[in-house]
Amino acid sequence: MKEEIARIQHSMAEQGYITDRATATAAYLAITLRKPLLIEGPPGVGKTEVAKVLARVLDTELIRLQCYEGLDVATALYEWNYPKQLLHIKLGETSGHSIAEREAQIFSESFLLERPLLRAIRATRQAVLLIDEVDRSDEEFEAFLLEVLAEHQVTIPEIGTVRATHEPCVVLTSNRMRELSEALRRRCLYLWIDYPSLAKELSIVRTKVPGIDERLAGDLTSFIQGVRRQRLAKTPGVAETLDWAHALVALHADSLDDDVAIETLGCILKDESDVRHLRTEIEARGASALVAAGRDAR
Amino acid sequence: MDVTPATSIDAVRALAATDVGDRDDVYFALRPVFVTRREDLEPFDVAFDEWWSVARRALGETSAERKKSRTNPSVIAPTDEPKTAATSTYLTRWASSLSETEDDETVPIAAPSTRDAAGTKDFQHYDDADLRGLEEAAARIVRRLQSRRSRRWRIARRGARLDARRIVRLALASGGDPIRLVRRERKRRRTKLVVVCDVSGSMDLYSRFLLQVLYALQHAFARVETFAFSTRLVRITDALAGDTYREALDALGRASDGGWSGGTKIGESLESLRVGWPRLFDRRTAVIVLSDGWDTGDPEVLGSALREMGRRAGRIIWLNPLLGSPSYQPLTRGMQAALPHVDVFAPAHDLASLERLAAHLSF
């Protein structure tokens, strides 16, 4: 493996993010080739964390744009400070300036509210721009985003064109709620992050919950691996595994017995029918059987 | 997988950044460049395997040196045994087996995407494993149909919010006093759905899939009314409103009380729908009829029922699973009578055809 990629993987691990070769290589290529990185996968596997960790590894600012349906240019790029503008107009009423002059005054830098995309473009050093859950925005916004990613510049009618001096490293995440356009996909490098393997998840738990009892870590990880294979309304992600690990440690549980498991199901299952189903399973077969099933399958 | 010249350039640049002697390095470097979606992952693996062995031979290395060190899911070959149709319909089987428990809950889910990359496996060939993954896929597709609803703003005289931008501009003329207030409201696309599903014997192969779709639609859209028919029409909106798909099927089984077998009377059923629920149909309503058009009733009745319905409804969409077969011609009298009054005539035999439904639902 090339030294730089190994170094990135190692640095990410140092920052507490256990990852594999695929992720490290994709991150390395995103930085080197200066292409955006599109990360897809089920919820809770650590897609957003890649961007956060990358910012720490590169020792730079993380600029985050959280997408939602209806997100428009004003909220993503810039907005004028309307109250300030109105006040300024009012105060300058008798100053004798022409309308054109006053207009030039109020549409200037000091009345401009920078939103994430503009901040990323105007950053004084290369930042990491995280566009989170881009599938929640709509097609119009996606088209606008594509333009920004392609040109690395935006046009503000009243001010002019703003070009990026230090192109940000862009990471996009998607939960696949909506099909993203081909154009956007082709512009990006693609990474699919899936639920981790037993070994990987175990090492994540050991890293993030230091001091956890070895056997407990193994048991709960195997249990979750088994649970994931079942048909659930909301499959637990790695975030849930870690919550559960913390909860069990806080309860001073040294092993995963039936009672503790049932009590803490709410940490990993967020849907009532899932909780009922698992509770029945544990009562019928016992938590240890589920642990064994999770460990042995595959 | 789309490969453009730009992709090739990126591929070369990616290779420049890696150690070309190491198979895994090359694999992990090329994959993010060529793959654009999860479904591309397996075809890429296959293609890379082939390419690598050729490249190796060209470089004079033996194939024994190929390392299998990467940990990727192996390609799962799709099974192709068509499910033999039972004599009774899917729903009657469910009605009679309400106490059956499925004890194979821990069987791994083969999501349609791993078995059927482009969503083109015909539903009549689906086996139990396919069907289990289908619920999630159907929900996902329907959510995408739903997301055509817009939350953007547009100017409106009595909107709930103020449009600050315009107000400031206009205030310039009045010395900073915001005299003219401009309001805005959210744009709303208000498509209503009326879904009518043929559950008679001839549709049995597709019933299992279509009911999943109906269930997903019911839970995704705000305004849906769903009906099922074979010889007579039954409203199943409430039955489908169950919290889980299984509950919905239970309720459907109970609602059927013997109505799901025997012949098909499409015209009579549609007419009873039009007459029984007249308020359902207005300009914003999309009517979706799911049927293969095999009608044992009077085609005249079918034609006139659709014509009258089309007068009030915004759009009539007829989805026919048989259209999935390239040799199918809508030659039955029922289909012939119906077609002139139908706005959209489209297939509904696999996931891909469902996705294309999105375009027809915004009007």
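In this predicted model, helix 2 of chain A passes helix 2 of chain B in a crossing that is right-handed. The contact draws on A:Arg21, A:Ala22, A:Thr25, A:Ala26 and A:Leu29 from helix 2 of chain A, and on B:Asp24, B:Phe28, B:Ala29 and B:Pro32 from helix 2 of chain B. By character, the residues of this contact divide into six nonpolar, one polar and two charged.

Two packed helices are described by the angle between their axes and the distance between the axes. Here the axes of helix 2 of chain A, residues 21–33, and helix 2 of chain B come within 9 Å and cross at roughly 60°, and the two helices are therefore oblique to each other.

This crossing can be set beside the contact between the chains as a whole, in which 40 residues of chain B are in contact with 40 residues of chain A. On the side of chain B that touches chain A, at least two residues each come from helix 1 (5–16), helix 2 (23–34), helix 6 (128–146) and helix 7 (164–173) of chain B, and helix 2 of chain B gives the most, with six residues. The residues of that side of chain B comprise 15 nonpolar, nine polar and 16 charged.

Chain B also holds an open sheet, in which six strands follow the order 6-5-4-7-8-9 with mixed pairing. Strand 6 (233–235) and strand 9 (344–347) of chain B each have a single partner strand, so one side of each is left without a neighbour in the sheet. Neighbouring strands of the sheet are turned by 20° against each other on average, direction ignored. At one edge, strand 5 (residues 224–229) of chain B runs antiparallel to strand 6 of chain B and is joined to strand 6 by three bridges, and B:Phe227 stands opposite B:Arg235 in strand 6 of chain B.

Conventions
Residues are numbered from 1 along each chain as its sequence is written. Chains are lettered from A and ligands numbered from 1 in the order in which they are written. This is a predicted model: local features need pLDDT of at least 70, side-chain atom pairs count only at pLDDT 80 or more; totals for chains, interfaces and linings use all residues. Two residues are in contact if their C-beta atoms, placed from the backbone, lie within 7 Å. Helices (H or I, at least four residues) and strands (E, at least two) are DSSP runs, numbered from the N terminus. Ala, Val, Leu, Ile, Met, Phe, Trp, Tyr, Cys and Pro count as nonpolar, Asp, Glu, Lys and Arg as charged, and the others, Gly among them, as polar. Two strands pair if DSSP finds at least two bridges between them. Axes are lines fitted to C-alpha atoms, for helices over the stretch in contact, and angles run from 0 to 180 degrees between N-to-C directions. Angles under 35 degrees count as roughly parallel, over 145 as roughly antiparallel, 65 to 115 as roughly perpendicular and the rest as oblique. A crossing is left-handed if the near helix is turned anticlockwise from the far one by less than a right angle, and right-handed if clockwise.
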